[in-house]
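Biologist: I am new to this protein, and I would like to go through its enclosed spaces and its annotated domain with you.

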Amino acid sequence: MAQADKALNPSGMLVAPDADPASQTTIIPHNQQPLVIRTYPSQSQLDKSIQHAAAAQEKWARVPLSQRITIGRRFMEEFGAMRDEIPLELTLQMGRPVKQVPGEIRGTLERAEYMLSIAESALADVSLANTDKPGFRRFIKRTPLGVVLVIAPWNYPFLVMVNSVLPALIAGNAVIIKPSPQTPLAAERFASAFHKAGVPKDVLQVIHLSPELTTAAVKHPLVDFVAFTGSVAGGRAVDIAAAEAKGFKGVGLELGGKDPAYVRADADLDYTVPELVDGAMFNSGQSCCAVERIYVHESIYDDFVSRYVELTKKYRLGDPTEPETNLGPVVSVASAERIRKQVAAAVQAGAKALIPEDLFATAQPGTAYVAPQVLVDVNHTMDVMMEETFGPVVGIQKVTGDDEAIALMNDSPYGLTASIWTNAEANPESQEAFLRMVDELHTGTVFLNRCDYLDPALAWTGVKDSGRGISLSKFGYDQLTRAKSVHMKIKTSP
């Protein structure tokens with residue numbers, strides 16, 4: 001499983017050739033300097049940590065739900081108190097402009113608040129009193145799974161951790177976080193806030209693991225569920241490892257996307273263009289639900305492209321620790337080279353690049369800086385319209401109407417989100433057209449006049465290569481618990 005094991009740590013860690021194989025070094029993307037080193041445990045140390053988690057989980061599950069919810073609210077206070085320390089720390093780890101990090105802090109607290117607000121109802125017993133026969137009582141309990149392994153990514157570490165870690169803990173599980181080698185400090189800070197709030201340290205642990213030890217953790221008989229967020233290759237490796245383990249453990253996979261947007265003829269371009277530029281360029285396009293391909297009605301195509309290009313040219317690419325920067329490096333030099341190759345291949349196949357390279361002089365080969373790029377004359381024979389880019393690049397294609405747009409949006413191995421942009425406020429028939437398209441699109445989420453956003457009240461899920469399973473919403477609790485049916489025959493006398 002060498003290839004699969006390697007996929008469990010997708011493109012986050014860069015180490016020197018002579019680096020200690022028992023440790024990981026986090027490299028600062030914008031200057032390629034080492035930031036922190038973390039040592040891996042031995043196999044026996046990992047076994048002990050998982051055993052301690054399993055033992056602690058049994059006690060944690062007996063803590064009343066109301067008390068666990070109270071601890072969750074204390075976590076929000078502790079995490080919120082770190083809001084001044086987190087931005088620069090996270091920027092140094094993964095390269096997002098420092099002025100954009102507070103949005104992740106706000107989003108983490110927003111998701112925590114919602115998941116805590118529904119915990120009591122989502123985890124309550126399901127009563128069947130209305131259909132019970134006389135002398136019987138039946139109900140369904142939601143019980144914790146046991147030990148949950150969360151394999152977290154680097155691009156939005158806090159947002160992804162809160163999706164699974166908080167509901168898993170509130171439901172009574174123990175959690176082991178395996179963070180990306182690129183963002184170890186984020187996981188440590190996240191766990192620290194929970195520990196200060198009252199979660200026992202054995203109930204929530206952060207363990208830095210090599211690819212081989214990650215596979216061992218997935219296969220461990222005391223790990224009951226694995227929540228993985230990352231690449232398709234990484235998700236497949238996790239799924240295979242879990243299937244090869246003894247027993248039948250659950251696996252939740254939040255994987256990649258090649259998310260499309262469709263701009264209808266009546267779209268308000270003053271509103272739509274800035275939203276779609278931000279949807280493609282925020283965090284240097286390093287989001288599973290970033291907008292990577294746009295289909296525009298032929299009647300407004302030229303105007304849309306012209307506006308889109310002019311706004312993209314205004315981005316400031318540079319040192320992400322500087323307050324004026326709004327486009328930072330991608331996570332690694334290797335990632336930058338892969339993105340450049342995809343763009344070059346599209347141009348060679350006939351695509352036209354509309355952003356001059358000399359406009360962003362910082363984006364040089366051998367660095368993690370990638371210039372934003374807008375490609376036209378694209379089609380689905382090109383990887384740039386079919387395979388995840390995970391960079392500040394978007395392809396724009398002309399369409400004749402709704403039917404062609406839907407066919408192209410669905411022509412993808414991915415199915416995470418899709419967005420449709422139309423003036424539903426001024427044209428009620430456009431809202432009806434949107435609702436028809438919702439039924440025809442093969443994605444987990446469909447947006448109207450919005451993109452690249454997770455509403456914690458809605459289920460976050462994907463189809464096809466975008467994965468399986470659900471986080472957020474009441475269904476996020478369902479994934480992290482199991483149903484236990486209770487059937488009571490109370491009256492036994494004649």
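The questions below turn first to the cavities and then to the domain.

Biologist: How many cavities of 30 Å³ or more does the structure hold?
Modeller: Please keep in mind that this is a predicted model. Rolling a probe the size of a water molecule over the atoms shows where empty space is left. With a cut-off of 30 Å³ or more, the number of cavities in the structure is three.

Biologist: Which residues lie nearest the centre of the largest cavity, and what is its volume?
Modeller: The lining of the largest cavity is made up of 21 residues, and those nearest its centre are Ser 164, Ala 227, Glu 254, Ser 471 and Gln 479. At least two lining residues come from each of the strands β5 (147–151), β8 (225–229) and β9 (250–254) and from each of the helices α7 (157–170) and α16 (473–479). By class, the lining has eleven nonpolar, eight polar and two charged residues, and the volume enclosed is about 160 Å³.

Biologist: What is the volume of the second largest cavity?
Modeller: Among the residues that line the second largest cavity are Leu 253, Glu 254, Leu 255, Trp 460 and Arg 468. Its lining divides into four nonpolar, four polar and two charged residues. The volume of this second largest cavity is about 40 Å³.

Biologist: Which domain does UniProt list for residues 24–486?
Modeller: Over residues 24–486 the chain is 40% helix and 19% strand, with the end C-alpha atoms 48 Å apart. For this stretch the UniProt record, an unreviewed entry, gives the domain name Aldehyde dehydrogenase.

Terms used: Residues numbered from 1 in each chain as written. Predicted model: local features only at pLDDT ≥ 70, side-chain atom pairs only at ≥ 80, totals over all residues. Heavy atoms only, no water. 1 Å grid on protein atoms, 1.4 Å probe; cavity = no way out; pocket = protein on both sides within 12 Å on 5 of 7 lines; lining within 4 Å. Points joined across faces, edges and corners; volume = space filled by probe spheres on them. Helix = DSSP H or I, 4+ residues; strand = E, 2+ residues; numbered from the N terminus. Nonpolar A, V, L, I, M, F, W, Y, C, P; charged D, E, K, R; others polar. UniProt positions renumbered as here; feature names shortened; annotations may be inferred.
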